[in-house]
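Colleague: I'd like a close look at one part of this model, with the surroundings worked in where they help. Here it is.

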Amino acid sequence: MKLIEIKGQIATVRWGQEKLPQLLEILTSPENPQIKLEVHSFGRQNKIYCLSLSPTELLVREMPIAATGKPLTIPVGKQVLGRIIDLFGQPLDGRGKIEGDSQVPIYGAAPSFGLLKASEEIIETGVKALDFFTPLLKGGKLGLVGGAGVGKTILMSELLHNINEKHRGVSVFAGIGERIREGHELWRELEKAKVLGKIVLLMGQMNENAAVRFRSATAAAAIAEYFRDQERQDVLLFVDNTFRFAQAGSEVAALLGEIPSELGYQATLESEMADFQDRLVTTENGAITSIQTIYVPADEFSDPAVSAAMSYVDSVVILSREVAQRGHYPAIDPIRSSSTTLKKKIVGDQHFEAATEAIEVLNRYQRLTRVAAIVGEAELSSHDRLTYQRAKKLSNYLTQPFFVTEKQSTRLGILVPREKTVRDIKMILSGEFDEVPDERFSYIGSLDETGML
């Protein structure tokens, strides 16, 4: 086999009398073993179209190409815990070679239906707004959805920091198409919190080519599956960013000359998203709980890639630019957020009733805000004015200082148990703090830490 053409990240190989390689098989060159070409499709005139996972500057026309007989593999096991690796399992943290030879293919099939196991155990994050309105279920999927600059990565970093202190299993973080600076800051934050030892960080950041970014999500899923199925551990999988995974697939499809579907995305968008998401499930061996950020380009929530990713998550956390502009962080919009786990049999009667009442009050507050902006708060009826003031206290109470932003905000991070959040919100809505100025509720923990109880 010989390399005959290079077009972006697409390398075309012509095969002769050799055995035809399989789809997804890795091809390399006897002249340079660093070269890794993944078989993507077959064309006419004995042509094989491959994704170049290695830098294209290593490729030369007429270079001899040989089959390896296997797909791309990645190291797994205890030796990768506490390390930062790339798609090929090479260390990026400057701490030497990764020991051990345990490798698994990055591709795998979703478990059969009979192996799946349901769970109703809630994983507390310590973030008030999230635990109250969109609780995270063990083995579930939570999506942090929003446009640029609303705090998706910061919120994910906080969840990674908070949950890992109590989590008995391991965690996998997949950085897909995001800023290198953010990955470096996360690494340092995890080191400082002394939880790095049970986390694997796999980076396919924005400086990598589209093929590498596209396969990084698949590799992260393979690592999570190994710990679930072979080590029989519960796994937390953090993906930043699922939209970038879909976007990288679109870039690859464009280079291959495939006919695009809606708004320029690849026709295989839904199947590629399904192949990834269906692997992240709970079986009898253990649970994979995934937390994913989903970037919304130009705040357009109807974007096909956004819709494809959101259709797989159990809890949709909408991060609103309007809330962020008010200086309320995390900028979670409770009205637009939703969760299939907010049920009485899962969260309990008190939590469900308090959440239902809170959403109703916040809905009325949204309507009253427009009226108050025109005629003034004093012109509202006494009942509406009471609702308006309680909703303002509730909105302020849902703000929270984070551990990962202590240096920037100068506020110490706070963890709030779900029980205290439910109790506090019930007290605010019942009117027990009607005489307290709403400013006192901003960026606090639970009410008993403020001396108001």
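Is aspartate 299 buried, exposed or partly exposed, and what is its relative accessible area? Please take it from there and walk me through the helices too.

Modeller: Happy to, with the caveat that this is a predicted model. Aspartate 299 is partly exposed: its relative accessible area is 35%, and the partly exposed class runs between under 20% for buried and over 50% for exposed. You'll find aspartate 299 in the loop between S16 and H7. Its backbone is worth a glance, since aspartate 299 has a positive phi of about 55° without being a glycine. Alanine 298 sits in that loop between S16 and helix H7 (304-310) as well, and alanine 298 also shows a positive phi of about 55°, again not being a glycine. For background, most residues other than glycine have a negative phi. Alanine 298 counts as exposed, because its relative accessibility is 75% and the exposed class starts over 50%.

Step back into strand S16 (residues 288-295) and you meet threonine 293. Threonine 293 is buried, at a relative accessible area of 0%. Its side chain makes a polar contact with the side chain of aspartate 240, at 2.6 Å.

That partner leads us to helix H5, residues 242-255. At the start of H5, asparagine 241 puts a side-chain oxygen within 2.9 Å of the backbone nitrogen of phenylalanine 243. The helix has 14 residues, and from first C-alpha to last it reaches 21 Å, close to the 20 Å expected at 1.5 Å a residue. Of those 14 residues, 10 are buried, so H5 is largely enclosed by the rest of the structure. Among the buried ones are Phe243, Arg244, Phe245 and Val252. Just after H5, glycine 257 takes a positive phi of about 75°.

H5 has a packing partner in H4: their axes come within 8 Å and cross at roughly 140°. That makes H4 oblique to H5, because an angle has to be over 145 degrees to count as roughly antiparallel. As for handedness, H4 passes H5 in a left-handed crossing.

H4 itself covers residues 210-229, and its 20 residues should span 28 Å at 1.5 Å a residue; the end C-alpha atoms are 30 Å apart, which agrees. There is a kink in H4 all the same, about 30° and centred on serine 216. At the N-terminal end, asparagine 209 acts as the cap, with a side-chain oxygen 3.0 Å from the backbone nitrogen of alanine 211. H4 is mostly covered, with 19 of its 20 residues buried.

For another helix pair, look at H2 (residues 152-166) and H3 (residues 180-193), which pack at an angle of about 25° with their axes 11 Å apart. The two are therefore roughly parallel, the limit for that being under 35 degrees. H2 passes H3 in a right-handed crossing.

One last backbone detail to check while you have the viewer open: the peptide bond from tyrosine 329 to proline 330 is cis, with omega near 0°. Proline 330 is in the loop between helix H8 (321-325) and strand S18 (338-339). In general, most peptide bonds are trans.

Notes: Residues numbered from 1 in each chain as written. Predicted model: local features only at pLDDT ≥ 70, side-chain atom pairs only at ≥ 80, totals over all residues. Heavy atoms only, no water. Helix = DSSP H or I, 4+ residues; strand = E, 2+ residues; numbered from the N terminus. Expected span 1.5 Å × (residues − 1). Bend = angle between axes of the 7 residues up to and from the residue. Buried < 20%, exposed > 50% of the residue type's maximum accessible area, 1.4 Å probe, protein only. Polar contact = N/O pair within 3.5 Å; in protein donor to acceptor, adjacent residues only side chain to side chain. Axes fitted to C-alpha atoms, helices over the stretch in contact; angles between N-to-C directions. Parallel < 35°, antiparallel > 145°, perpendicular 65-115°, else oblique. Left-handed = near helix turned anticlockwise from the far one by under 90°.
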